[in-house]
Amino acid sequence: MSWRSEYIWIEFIAGSRKTSNFCWAFILFLGSLGFFLVGISSYLDKNLISFFPSQQIPFFPQGIVMSFYGIAGLFISSYLWCTITWNVGSGYDRFDRKEGIVRIFRWGFPGKNRRIFLRFLMKDIQSIRIEVKEGIYARRVLYMEIRGLGDVPLTRTDENLTPREIEQKAAELAYFLRVPIEVF
């Protein structure tokens with residue numbers, strides 16, 4: 001999602017609140033809760049899950065291992081739910097030709113550096129760079145090359161853009177910023 005005018009281009013960045021993250025967090029929570037309840041059922045020798053009799057699993061070693069996997073899964077699931085709640089990675093890129101300034105803002109994890117705010121002068125932008133790695137794990141990332149500071153990624157590494165989409169995005173941004181495009 002983006003907004004453009006003659007002098008300003010604002011690109012909104014989706015963070016952790018994606019459908020796939022909700023699905024994985026929910027599936028992981030249910031699976032790990034099931035493992036944990038089966039492990040506890042074997043310890044208490046009571047059926048906490050009605051469709052799975054606890055007498056079939058001895059507490060040592062299977063019940064302990066299932067409890068451990070359940071607790072580990074619950075920790076990972078709570079981490080995913082926290083990143084979704086805090087919307088880590090969301091923000092915006094603002095390119096302002098009138099002021100000659102580029103502002104990049106992202107939300108991070110709570111704490112001292114929760115707000116990540118970068119500011120560059122447009123005259124320091126050397127080029128827009130496309131990095132393409134094909135194969136099983138195809139990766140297409142758009143970078144902005146800043147003089148003396150290196151490359152700043154403009155797309156998420158897990159954002160699956162087609163070659164046509166990333167080329168079009170790079171061409172439009174390079175035209176707006178009046179800089180060349182490099183392909184690696």
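1. In this predicted model, the residue I130 has V183 as its bridge partner in strand β9. That pair belongs to a wider contact between two strands, since β6 and β9, the latter made of residues 181-183, pair in the parallel sense over 3 bridges. As general background for what follows, strands of a sheet pair through backbone hydrogen bonds, and they can do so in either a parallel or an antiparallel way.

2. Strand β6 also has a partner in β7: residues 125-133 form β6, residues 139-146 form β7, and the two pair in the antiparallel sense over 8 bridges. Within this pairing, R129 of the model is found opposite Y143 in β7. The two strands make a hairpin with 5 residues between them, and G135, which sits in the turn, has a positive phi of about 135°.

3. Taken together, these pairings belong to an open sheet of 4 strands, whose order is β8-β7-β6-β9 and whose pairing is mixed. Because β8 and β9 stand at the edges and have a single partner strand each, one side of each of them is left without a neighbour in the sheet. On average, and with direction ignored, neighbouring strands of this sheet are turned by 30° against each other.

4. The model holds another open sheet, built from 5 strands in the order β1-β2-β3-β4-β5, and its pairing is antiparallel. Its edge strands are β1, which covers residues 2-4, and β5, and each of these pairs on one side only. From one strand to the next, the twist averages 10°. Inside this sheet, β2 and β3 run antiparallel and are joined by 6 bridges, and E11 stands opposite D93 in β3.

5. Which strands does helix α3 lie across? Helix α3, formed by residues 163-177, lies across β6, β7 and β9, and runs at about 175° to β6. The helix α3 also lies across β1, β2 and β3, where its direction is at about 145° to β2. A student tracing the chain may therefore find it useful to look at α3 together with strands from each of the two lists, β6, β7 and β9 as well as β1, β2 and β3.6. Empty space is the next topic. Rolling a probe the size of a water molecule over the atoms shows where such space is left. The count comes to 1 cavity of 30 Å³ or more, and about 50 Å³ of space lies in the largest cavity. Its lining consists of W9, E11, D93, F95, L142, L154, K169 and L173, which divide by class into 5 nonpolar, no polar and 3 charged residues. Strand β2 (8-13), strand β3 (91-96) and helix α3 each supply at least two residues of this lining. E11 and D93, both in the lining, are the residues already described as standing opposite each other.

7. The largest pocket has a volume of about 180 Å³. It is lined by I13, G89, I104, R106, I116, L118, V152, P153, L154, T155, R156 and T157, and these residues divide into 7 nonpolar, 3 polar and 2 charged. At least two residues of the lining come from each of β4 (101-107), β5 (115-121) and β8 (150-153). L154 appears both in the lining of this pocket and in that of the largest cavity.

8. For two stretches of the chain, residues 21-44 and 64-88, an unreviewed UniProt entry gives the feature "transmembrane region". In the model, residues 21-44 are 100% helix and 0% strand, and the C-alpha atoms at the ends of the span lie 34 Å apart. For residues 64-88 the end C-alpha atoms also lie 34 Å apart, with 92% of the span in helix and 0% in strand.

9. Some backbone angles deserve a second look. Most residues other than glycine have a negative phi, and most peptide bonds are trans. The peptide bond from F60 to P61, however, is cis, with omega near 5°, and P61 lies in helix α2, which is made of residues 59-86. D45 is a residue other than glycine with a positive phi, near 60°, and D45 is placed in the loop between α1 (19-44) and α2. R178, again not a glycine, likewise has a positive phi near 60°, and R178 is found in the loop between α3 and β9.

Definitions and conventions:
Residues are numbered from 1 along each chain as its sequence is written. This is a predicted model: local features need pLDDT of at least 70, side-chain atom pairs count only at pLDDT 80 or more; totals for chains, interfaces and linings use all residues. Side-chain values use heavy atoms; hydrogens and water are left out. Two strands pair if DSSP finds at least two bridges between them. On a 1 Å grid over the protein atoms alone, a cavity is a set of points where a 1.4 Å probe fits but cannot get out, and a pocket is an open set with protein on both sides within 12 Å along at least five of seven lines; lining residues have an atom within 4 Å of a point. Grid points are joined across faces, edges and corners, and a volume is the space filled by probe spheres set on the points. Ala, Val, Leu, Ile, Met, Phe, Trp, Tyr, Cys and Pro count as nonpolar, Asp, Glu, Lys and Arg as charged, and the others, Gly among them, as polar. UniProt positions are given in the numbering used here, feature names are shortened, and annotations may be inferred rather than shown by experiment. Axes are lines fitted to C-alpha atoms, for helices over the stretch in contact, and angles run from 0 to 180 degrees between N-to-C directions. Contact means heavy atoms within 4.5 Å.
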